[in-house]
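Student: Hi, could you walk me through this one? I have the sequence and the model open.
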Amino acid sequence: QSSSQETTSASEKNDELALATVVAPWEINSLDPNQSGIIFQRMNLAETLVESNSQGELVPSLAAEWKSNDDATVWTFTLREATFHNDQPVTAQAVVNSLNIAKSKPGILQKAFIKAIRAVGTHQVEIELTKPFVPFPYFLTHYTAIILAEQAYNDKDEVVALIGTGAFKPTKIEAPQKLEAVRFEQYWGAKPKLAQANYLASSRSETRMLMAQSDASSLVFNLDTASVERLKNDPNLVLTSGSIARTIQLKMDVAKPFFNDLAIRKALSESINRKAIAESVLKIDGGMADQILPKAFADWRIDTAEQHVDLAKIKADLTAAGYQFNAEGKLTDKEGKSFKFTLRTFSD
């Protein structure tokens with residue numbers, strides 16, 4: 001992430017900021033929360049009933065409070081006084097409608113054991129589950145569970161207008177790249193110091209780097225290692241960098257010859273130099289995942305010896321499994337057919 005020191009100074013001086021532009025690689029694929037809800041939630045255009053803080057604790061959002069019955073099969077959420085961006089009040093019926101539509105589509109609510117969602121009066125929503133489930137409210141923090149006004153949907157339950165309750169009201173959405181939003185003056189919570197918040201999707205890291213350098217209002221996310229190294233030397237930028245858990249997958253077509261043999265898949269896995277990739281390509285010391293979690297998550301790891309690529313052992317295991325190496329050193333099956341495949345990589 002990078003933002004201009006000039007912009008930051010202006011904000012501190014006037015206690016007000018006119019514009020900030022978030023520049024990130026993620027496109028706005030649809031108005032449907034199931035596809036682009038993470039952007040709408042993070043840009044504070046729409047909200048969920050409950051949220052979680054940085055410690056992972058549940059905190060109120062559109063629901064001021066909540067409780068369950070003794071066996072955690074019925075949950076009751078009491079709504080706060082809030083207003084949608086079309087000036088309509090947030091009612092229990094609007095919340096029920098939004099959650100039922102979300103539950104009808106592939107997403108996390110289909111895994112939350114929900115039996116029924118109903119309105120209790122105008123300011124309470126009752127959700128009945130098929131089994132006791134204490135962690136249930138956490139499912140409602142997910143971006144697919146953001147609450148939209150009834151007028152946001154057409155008669156086919158498709159989102160035709162993004163009408164939420166967030167601190168910012170969208171004024172223009174141009175999928176897949178751009179949205180513009182202004183401060184919502186009727187917002188129920190603390191008013192932002194920011195007057196306008198824009199979002200721009202840019203898939204190329206080089207482009208995002210140039211925007212960080214040229215646009216004083218920009219807040220740029222996800223830069224490649226080369227861009228980070230370059231921006232470190234720019235005195236006009238504030239650069240914040242931290243490692244987060246990411247997975248790079250190698251997927252194989254197991255219906256194809258060779259790949260349908262576990263011995264081959266195991267050999268490929270053992271031959272990947274995860275340490276070299278993590279430290280030479282990603283520039284993250286100790287970032288390799290020699291098990292499910294990398295070393296950065298030491299508290300959750302199994303204590304095992306550090307793995308090393310042993311090509312001699314890998315070849316011996318393949319030979320023991322019935323494979324051969326021809327005169328050119330290429331791997332073949334018992335009939336002498338060589339092992340060849342195409343590896344396709346994707347920039348994102």
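Tutor: Happy to; below we go through a sheet, a hairpin, a helix pair and a cavity. This is a predicted model, where local features need pLDDT of at least 70, side-chain atom pairs count only at pLDDT 80 or more, and totals for chains, interfaces and linings use all residues. Residues are numbered from 1 along each chain as its sequence is written, and side-chain values use heavy atoms, leaving out hydrogens and water.

Student: Cool. What is the strand order in the open sheet of four strands?
Tutor: The order is S5-S6-S8-S7, with antiparallel pairing. Strands here are DSSP E runs of at least two residues, helices are H or I runs of at least four, and both are numbered from the N terminus; two strands pair if DSSP finds at least two bridges between them.

Student: And which are the edge strands?
Tutor: S5 (63–68) and S7 (114–120), each of which pairs on one side only.

Student: How many bridges link S5 and S6?
Tutor: Five, in the antiparallel sense, with S6 covering residues 74–79. Trp66 has Phe77 in S6 as its bridge partner.

Student: Which helix packs on that sheet?
Tutor: H3 does, touching S6, S7 and S8 (124–129), and its direction makes about 160° with that of S7. Contact means heavy atoms within 4.5 Å. Axes are lines fitted to C-alpha atoms, for helices over the stretch in contact, and angles run from 0 to 180 degrees between N-to-C directions.

Student: New topic: what joins S9 to S10?
Tutor: A hairpin, through three residues. S9 (residues 168–174) and S10 (residues 178–183) pair in the antiparallel sense over six bridges, and Lys172 stands opposite Glu180 in S10.

Student: Now helices. How do H7 and H9 cross?
Tutor: The axes of H7 (residues 262–271) and H9 (residues 311–320) come within 10 Å and cross at roughly 180°. H7 and H9 are therefore roughly antiparallel to each other, a label for angles over 145 degrees.

Student: Which residues meet there?
Tutor: On the H7 side Ala263, Ile264, Ala267, Glu270 and Ser271; on the H9 side Ile314, Asp317 and Leu318.

Student: Last one: which helix gives the most to the lining of the largest cavity?
Tutor: H3, with three residues. The lining includes Ser98, Ile101, Ala102 and Tyr153. A cavity is a set of points on a 1 Å grid over the protein atoms alone where a 1.4 Å probe fits but cannot get out, and lining residues have an atom within 4 Å of a point.

Notes:
Parallel < 35°, antiparallel > 145°, perpendicular 65-115°, else oblique. 1 Å grid on protein atoms, 1.4 Å probe; cavity = no way out; pocket = protein on both sides within 12 Å on 5 of 7 lines; lining within 4 Å.
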